[in-house]
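Thank you all for coming. I would like to walk you slowly through a structure that is new to most of us, and I will try to stay with what the model itself supports.

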Amino acid sequence: MFKILLVCALVAMVAANENIAVIEQVSDVQADGFSNKLVLDNGSASSASGDVHGNIEGVFEWISPEGEHVRVSYKADENGYQPQSDLLPTPPPVPEAILKALAYIQAHPSKE
Ligand SMILES: *[C@@H]1O[C@H](CO)[C@@H](O)[C@H](O)[C@H]1NC(C)=O
């Protein structure tokens, strides 16, 4: 459902701005999955594919107002939505003492 809304939103945005040309548009919906792709002539694009189990992989990209090429790829499956991009913030490294503690806990599981 989300992807259908996303595609509709993108198509609506394209329709609202007549200066933007669609370079490529693919929408393939099958009984066992789907794939879609939209490429605009201003550097914006998105594509996604998914299976019947609801697993989805995709990419979306655009040129930021600062002129930077933003690209986010993602996977959505039983582990949730997992975006990846050089531009996404990353957590600080886990402190050495915490890593040691986790290794100790793993090596010495509590007895029931
Ligand atoms: C490209 O066009 C889309 C659709 O009109 C718009 O949402 C997006 O902001 C545009 N990107 C740039 C860099 O102008």
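Let me begin with a term we will need in a moment: a salt bridge here is a side-chain nitrogen of Lys or Arg within 4 Å of a carboxyl oxygen of Asp or Glu. Please also keep in mind throughout that this is a predicted model.

With that definition in hand, how many salt bridges does the structure hold? The structure holds 1, and the side chains that meet in it are those of Glu-24 and Lys-37, with a distance of 3.6 Å from N to O. Because Glu-24 sits in strand S1, residues 22-30, and Lys-37 sits in strand S2, residues 33-40, the pair ties together parts that are 13 residues apart in sequence. As for their surroundings, Glu-24 counts as partly exposed at 33% relative accessibility, and Lys-37 likewise counts as partly exposed, at 34%.

Let me step back to the overall layout. The protein has 2 helices and 6 strands, and if you read along the sequence you will find the pattern α-β-β-β-β-β-β-α. Of the 112 residues in the protein, 19% are buried, and the protein exposes about 8700 Å², of which carbon and sulfur atoms supply 59%. If we take the contacts between residues at least 6 apart in sequence, 7% of them join residues at least 24 apart.

Now I would like to turn to one residue, Ser-85, which is placed in the loop between strand S6, residues 80-84, and helix H2, residues 96-107. Is Ser-85 buried or exposed? Ser-85 has a relative accessible area of 18%, and because buried means under 20%, Ser-85 falls in the buried class. Its side chain reaches the backbone oxygen of Arg-71 at 2.8 Å, while a polar atom of that side chain lies 3.1 Å from the backbone nitrogen of Leu-87. Once we leave aside the neighbours within four places in sequence, Ser-85 is in contact with Arg-71 and Val-72.

Finally, let us look at the surface, where a nonpolar patch of about 590 Å² is made by Val-94, Ile-98, Leu-99, Leu-102, Tyr-104 and Ile-105. One of these residues, Ile-105, is found in helix H2, and Ile-105 is exposed, with a relative accessible area of 54%, whereas Ser-85, in the loop that comes between strand S6 and helix H2, is buried.

Methods:
Residues are numbered from 1 along each chain as its sequence is written. This is a predicted model: local features need pLDDT of at least 70, side-chain atom pairs count only at pLDDT 80 or more; totals for chains, interfaces and linings use all residues. Side-chain values use heavy atoms; hydrogens and water are left out. Helices (H or I, at least four residues) and strands (E, at least two) are DSSP runs, numbered from the N terminus. Buried means under 20% relative accessible area, exposed over 50%, partly exposed in between (1.4 Å probe, protein chains only). A polar contact is a pair of N or O atoms within 3.5 Å; within protein, one must be able to donate a hydrogen and the other to accept it, and residues adjacent in sequence count only if both atoms are side-chain atoms. Contact means heavy atoms within 4.5 Å. Patches are made of residues with over 30% relative accessible area and no salt bridge: like charges are joined within 9 Å, nonpolar side chains (Val, Leu, Ile, Met, Phe, Trp, Tyr) within 5 Å. Accessible areas come from the Shrake-Rupley method with a 1.4 Å probe; for residues, only the protein chains shown count as cover.
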